Amino acid sequence: MNKQAVPGTGGDIYVEYEKRSGPATAVYFTRDLSPEGLLKIFDRVKEGLTGKLAVKLHTGEAEGPNIIPRPWVKALLSERIPGAAVVETNTYYDGSRYTTEEHRETLRINGWADFCNVDIMDEHGVAVLPVEGGKWFTGMHVGASLPGYDSFLALTHFKGHTQGGFGGSNKNIGIGCADGRIGKKEIHTTPGQDDMWDIKEEEFMERMTESTKSVIDHFRGRIAFINVMRNISVSCDCEGKYAEPVVTPDIGIVASLDILAADSA
């Protein structure tokens, strides 16, 4: 067991937490921020990514600057995983991806429609994935088409996040797979509250992580995680062109078959 000081107590109060146990996990890293770098690191974690493959990435607000470059994704799809679908869900907030029609227009503006199939997973409703041992949920509402995939790749632009601390694979999956009307509301809003963003900090992160857990458990053994550390902004890409990069120089790409290892690295 390890001890961790409780914030705000001057170090006088500690809580004990159990140290993670189990076998060591491989994390792969490259400084090669290019299509070739992405292909090489994908090859390290492609085990288990078979059958009908979902590639979850943030396709961005209209003309947002910080998304993973489209030529990189095009190379990955065409050279390694032809037939895979990029998957997204509609947003909880009223913006350029709030409805399926608006979302598809934004995909067109950002160039995704030119070379890949994008499945807006909640276009035709929701599915519920179980949350085993959850504190807040017994199930999470996700896009209806998600359970129809055989395997899953979280291809994440790593950045900051106002409530989540950072937006890595956890945020990409937990928020990005929850449907725009029910699942995202369950994570962000206390029932009966007028403030749609009233759930914050630790509770928000716990709810988001339980949503992520539902997806990881569903795809166990058939899921991989890649974090691209480029154009890192303080806040989420949901802020579009206003999310200016604050980290220089760019860092590189990490990948793992373990989400905790990928996001920790």
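## Exercises on burial and salt bridges

At 47% relative accessibility, Arg108 counts as partly exposed (buried is under 20% relative accessible area, exposed over 50%, partly exposed in between, with a 1.4 Å probe and protein chains only). The model is predicted, so local features need pLDDT of at least 70 and side-chain atom pairs pLDDT 80 or more, while totals for chains, interfaces and linings use all residues. Residues are numbered from 1 along each chain as its sequence is written, and side-chain values use heavy atoms, without hydrogens and water.

**Exercise 1.** Find the salt-bridge partner of Arg108 and place the pair in its helix.

*Solution.*
1. Arg108 pairs with Glu105, with the closest N and O atoms 2.6 Å apart. A salt bridge here is a side-chain nitrogen of Lys or Arg within 4 Å of a carboxyl oxygen of Asp or Glu.
2. The two residues are three apart in helix α3, so about one helical turn separates them. Helices are DSSP runs of H or I with at least four residues, strands are runs of E with at least two, and both are numbered from the N terminus.
3. Glu105 is partly exposed, at 36%.

**Exercise 2.** Is Arg97 buried or exposed, and which residue does Arg97 bridge to?

*Solution.*
1. Arg97 is buried, at 3% relative accessibility.
2. Its salt bridge goes to Glu88, the closest N and O atoms being 3.7 Å apart.
3. Glu88 is buried as well, at 2%.

**Exercise 3.** Locate Thr91 and list its contacts.

*Solution.*
1. Thr91 sits in the loop between β5 (85–88) and α3 (100–109).
2. Its relative accessible area is 4%, hence buried.
3. Leaving out residues up to four places away in sequence, Thr91 touches Glu61, Arg97, Tyr98, Gly180, Arg181 and Lys184, contact meaning heavy atoms within 4.5 Å.
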